[in-house]
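Me: Please take a close look at one part of this structure for me, and then place that part in the rest of the chain. I work with computed models every day, so cut-offs are welcome.

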Amino acid sequence: MIKIYNLKDLTAHLTIPQDALDFVLRLTADTTNGRYDFGADCYVNVMSCNTSAALAPMEANEKFIDVQMVLAGEEKIYVTAKAPLTVTEPYNAEKDIAFYAWENAEAVTYTAGEAVVL
């Protein structure tokens, strides 16, 4: 796992359109929910939600990199390598997602202004 301490540091590891990076750096808790497209292969989903203590299914993408950022409050997610995991729902190319059975995972808690790259 790469630790990113400044969102601008993402450009050292990923190719991100400048307008998408500028958009993310200007996000606030008041940004309107929705999908914002930045070219054919880059988009930002802004979603307001209340997190739950219940564990959601483990998931992984094949095509897209998932950058999750908290604008207010905090979030706890669990991460692990997908190689040893048991598939519970096969990869859906249209949705770019597969689901896996829960196995050993490391908890990552991040708060307002912090992000994780998955």
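Reply: Let's begin with strand 7, which is covered on both faces: Ile-97 and Phe-99 on one side, and Ala-98 and Tyr-100 on the other, are all buried. Here, buried means under 20% relative accessible area, exposed means over 50%, and partly exposed lies in between, with a 1.4 Å probe and protein chains only. The two-by-two split fits a general pattern: in a regular strand the side chains alternate between the two faces of the sheet.

A word on the ground rules. This is a predicted model, in which local features need pLDDT of at least 70 and side-chain atom pairs count only at pLDDT 80 or more, while totals for chains, interfaces and linings use all residues. Residues are numbered from 1 along each chain as its sequence is written, and side-chain values use heavy atoms, leaving out hydrogens and water.

Now to the neighbours of strand 7. It belongs to an open sheet of 3 strands in the order 3-7-6, with antiparallel pairing. Strand 3 (58–60) and strand 6 are the edge strands, each pairing on one side only. From one strand to the next, the twist averages 20°; the axes behind such angles are lines fitted to C-alpha atoms, and angles run from 0 to 180 degrees between N-to-C directions. Strands (E, at least two residues) and helices (H or I, at least four) are DSSP runs numbered from the N terminus, and two strands pair if DSSP finds at least two bridges between them.

On one side, strand 3 and strand 7 run antiparallel and are joined by 3 bridges. Met-58 has Tyr-100 as its bridge partner, and Ala-60 stands opposite Ala-98. On the other side, strand 6 (residues 87–92) also pairs with strand 7 (residues 97–100) in the antiparallel sense, over 3 bridges. Here Val-87 is bridged to Tyr-100, and Asn-92 to Ile-97. Tyr-100 is thus a bridge partner for Met-58 as well as for Val-87. Strand 6 and strand 7 form a hairpin with 4 residues between the strands, where Asp-96 takes a positive phi near 50°.

Stepping back, strand 7 is one of 9 strands in the protein chain, which also has 1 helix. Along the sequence the pattern reads α-β-β-β-β-β-β-β-β-β. Of the 118 residues, 22% are buried. Among contacts (heavy atoms within 4.5 Å) between residues at least 6 apart in sequence, 58% join residues at least 24 apart. The chain exposes about 8500 Å², with carbon and sulfur atoms supplying 50% of that area, computed by the Shrake-Rupley method with a 1.4 Å probe.

Some links between parts of the chain are worth a visit in your viewer. Glu-74 lies in strand 5 (residues 74–79) and touches Thr-51, Thr-109, Tyr-110 and Thr-111, not counting residues up to four places away in sequence. Its C-alpha is 9.5 Å from that of Gly-113, although 39 residues separate them in sequence. Val-117 sits in strand 9 (residues 115–117); it counts as partly exposed because its relative accessible area is 31%. Val-117 and Ile-65 are 52 residues apart in sequence, with 7.1 Å between their C-alpha atoms.

Thr-31 is in the loop between helix 1 (18–26) and strand 1 (34–37). With a relative accessible area of 18%, Thr-31 is buried, and it touches Phe-23, Tyr-36 and Val-46, again leaving aside residues up to four places away in sequence. A polar atom of its side chain lies 3.0 Å from the backbone nitrogen of Thr-28.

Finally, the cysteines: Cys-42 is buried at 18% relative accessible area, whereas Cys-49, at 60%, counts as exposed. The structure holds 0 disulfides, where a disulfide is a pair of cysteine sulfur atoms within 2.5 Å.

Key. Polar contact = N/O pair within 3.5 Å; in protein donor to acceptor, adjacent residues only side chain to side chain.
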